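User: Please take a close look at one part of this protein, the hairpin close to the start of the chain, and then set it beside a few other parts of the fold.

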Amino acid sequence: MGDADQSVTPAKRAEIAARTIDVDGNALTVIPDGPERFEALIGLIDRAKTSLRLLYYTYRADASGEAVRDALMRAVGRGVKVALLIDGFGSSTTPDTYFADLAKAGATFCRFNPSYGRRYLLRNHQKLALADDTRVLIGGFNVGDDYFGRSSEGAWRDLGLMVVGPAAARLAPYFDALMAWAKTKGSRMRDLRRLIHLHSETKGLLQWQFGAPMRRLSPWAVSTSRDLVHANDVEMIAAYFAPTGGVLKRIARAGGWGRARVITAAKSDNTATIAAARFTYGRLLKRGVEIYEYRPTKLHSKLLIMDDIVQIGSSNFDIRSLYLNMELMLRVDDPEFAGLMRQYFEGEISDSLRITPSLHAKRATLANRIKWALSFFLVTSADYTVTRRVNFGLE
C-alpha cells in the first residue's frame with residue numbers, strides 16, 4: 001500500500017510479539033494481536049493469588065466481557081481480593097446489574113462518575129489489569145469482542161504491553177487512591193489533580209505518567225512535550241490525531257531536522273476524527289513529516305517513539321487525551337525496546353497508505369477542506385472549551 005516497507009513479514013511480526021526485553025529489572029512483552037491479548041488478560045486473572053485491580057474505559061456485556069467477569073468470579077472464589085473500576089461514559093451501555101453477582105461475591109466494583117451531572121464530561125480513559133502487584137497488562141484496548149478479535153477479520157487494531165516486575169507494584173497505590181476518590185461522594189477535582197501529580201513519576205528508565213484535567217499541562221503532557229522538543233527521530237501511531245498547534249510545531253520540527261512519521265486512521269468509529277486528522281496534514285507535509293493512514297481495519301493503537309524513548313498506554317494524540325481525559329502512559333527509556341517498537345512501526349506502515357503531498361492536494365477539495373476544518377474545530381476547540389469549563393467549575 002503506497003510506498004510502504006514490504007520487508008516486515010508475518011514471521012517478523014510474530015518474532016516481535018514473542019520477544020521479551022528486560023528494562024531495569026522488568027520484563028516487557030508486546031502483545032499486538034487481539035486473541036493473544038485476551039489470552040493474556042484471562043491468564044493474568046486466573047493466575048492471580050492475592051489481588052486483582054482492573055480499570056477500563058469500556059467494558060461491554062458481550063462474550064469477552066462475560067469471560068472476563070467469569071474469570072473474576074473464579075478469582076474471588078479462591079480468595080483473591082478483586083477490585084474493578086469502569087468509566088461511566090465509556091461503559092454506559094453495560095448496567096451495574098451486570099456486575100451484581102461479582103459485587104455480591106465480595107469484589108469491589110465502582111463506576112467512575114456514574115451520574116449525568118456536571119462531572120459526566122470527565123472521562124477515565126485509562127486501561128490496566130494488575131495482578132499480585134507484580135504483573136500488569138496495559139495498552140489501548142478495552143474489554144469487548146472488538147478489541148480481542150483478529151484485525152484481519154474487522155476487529156480494532158490495537159496494542160498491549162505486559163510488564164512483569166517491580167514497576168507493576170508502583171501502580172497499586174495509584175489505583176487504590178483513584179478508587180477511593182471515585183467512591184467518595186462529593187469528591188473534589190483539586191484532590192484528583194493532586195492525586196495525579198503525586199503518583200506521576202519523573203525519574204527512572206520506566207515511568208508511570210498520568211493525564212487528567214489540569215489548569216496547565218498534566219504530568220504526561222509536560223513530559224511528552226519535553227521529549228518531542230529534543231527528539232530527532234519520531235514515530236507515532238495515533239488512532240485519534242488532532243493536537244494543538246504547539247504540538248504540531250514540535251512534530252514538524254523533528255521532520256525538518258531529522259525524521260518524523262505518523263500513522264493515523266483511515267477507518268474509525270467516528271469519521272469526524274479522521275477528518276480532523278486530515279486537517280493537520282498540510283502543515284506537517286510541508287515540513288517533511290511522513291504521514292500514513294492505516295487501512296486494513298479500525299485503528300485504536302497508541303504508540304509514541306522519540307529517539308530511545310517509547311510511550312505506550314491509553315492516550316491518543318488529540319486535545320481530549322492531552323488535556324482532558326484521565327490517561328495512563330508508560331514511558332520507557334531504553335534503546336533496545338525503542339528498536340523493537342520501531343520494527344513494529346515498520347510493520348504497521350506496510351499495511352498503510354502513504355499520504356504524499358500530491359495525494360493530499362488531490363483530496364483537498366473545497367468541500368473537504370471545510371469538512372476537515374469544521375471537524376477539527378469540533379473535536380478540539382468546542383469539546384475542550386465545554387469540558388474544561390465544566391470541570392473547573394467543580395472545585
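Analyst: In this predicted model, the bridge partner of T20 in strand 2 is T29, and that pair is a convenient place to enter the hairpin. Strand 1 covers residues 20-23 and strand 2 covers residues 26-31, the two being paired in the antiparallel sense over four bridges. Two residues lie between the strands of this hairpin, and D24 takes a positive phi near 55° there. The two faces of strand 1 are unlike in their surroundings, since I21 and V23 make up a covered face, whereas T20 and D22 make up an uncovered one. In a regular strand, side chains alternate between the two faces of the sheet. T20, the residue bridged to T29, therefore belongs to the uncovered face of strand 1.

A sidedness of burial can also be followed in the helices. Helix 8, residues 189-199, has M189, L192, R193, L195, I196 and H199 as its buried residues. These residues lie on the same side of helix 8, because they cover an arc of only 155° around the axis. Helix 10, residues 245-257, has 13 residues and reaches 18 Å from its first C-alpha to its last, which is close to the 18 Å expected at 1.5 Å a residue. The buried residues of helix 10 are V247, L248, I251, A252, A254 and G255. Seen down the axis of helix 10, these buried residues fall within an arc of 155°, so they line one face of the helix.

A single position in helix 9, which runs over residues 219-230, gives a more local view: T224 has its place there. T224 counts as buried because its relative accessibility is 2%, which is under the 20% limit. Leaving aside residues up to four places away in sequence, T224 touches L304, M306, Q311 and F317.

Turning from buried side chains to open space, the largest pocket holds about 670 Å³. Its lining is made of 28 residues, and Y57, R123, Y240, D269 and N270 are those that lie nearest the centre of the pocket. At least two lining residues come from each of strand 11 (241-242), helix 11 (271-286), helix 12 (319-324) and helix 15 (366-391). Among the contributors, helix 15 gives the most to the lining of the largest pocket, with three residues.

Key. Residues are numbered from 1 along each chain as its sequence is written. This is a predicted model: local features need pLDDT of at least 70, side-chain atom pairs count only at pLDDT 80 or more; totals for chains, interfaces and linings use all residues. Side-chain values use heavy atoms; hydrogens and water are left out. Buried means under 20% relative accessible area, exposed over 50%, partly exposed in between (1.4 Å probe, protein chains only). The arc is that of the directions from the helix axis to the C-beta atoms. Two strands pair if DSSP finds at least two bridges between them. The expected span of a helix is 1.5 Å times one less than its number of residues. Contact means heavy atoms within 4.5 Å. On a 1 Å grid over the protein atoms alone, a cavity is a set of points where a 1.4 Å probe fits but cannot get out, and a pocket is an open set with protein on both sides within 12 Å along at least five of seven lines; lining residues have an atom within 4 Å of a point. Grid points are joined across faces, edges and corners, and a volume is the space filled by probe spheres set on the points.
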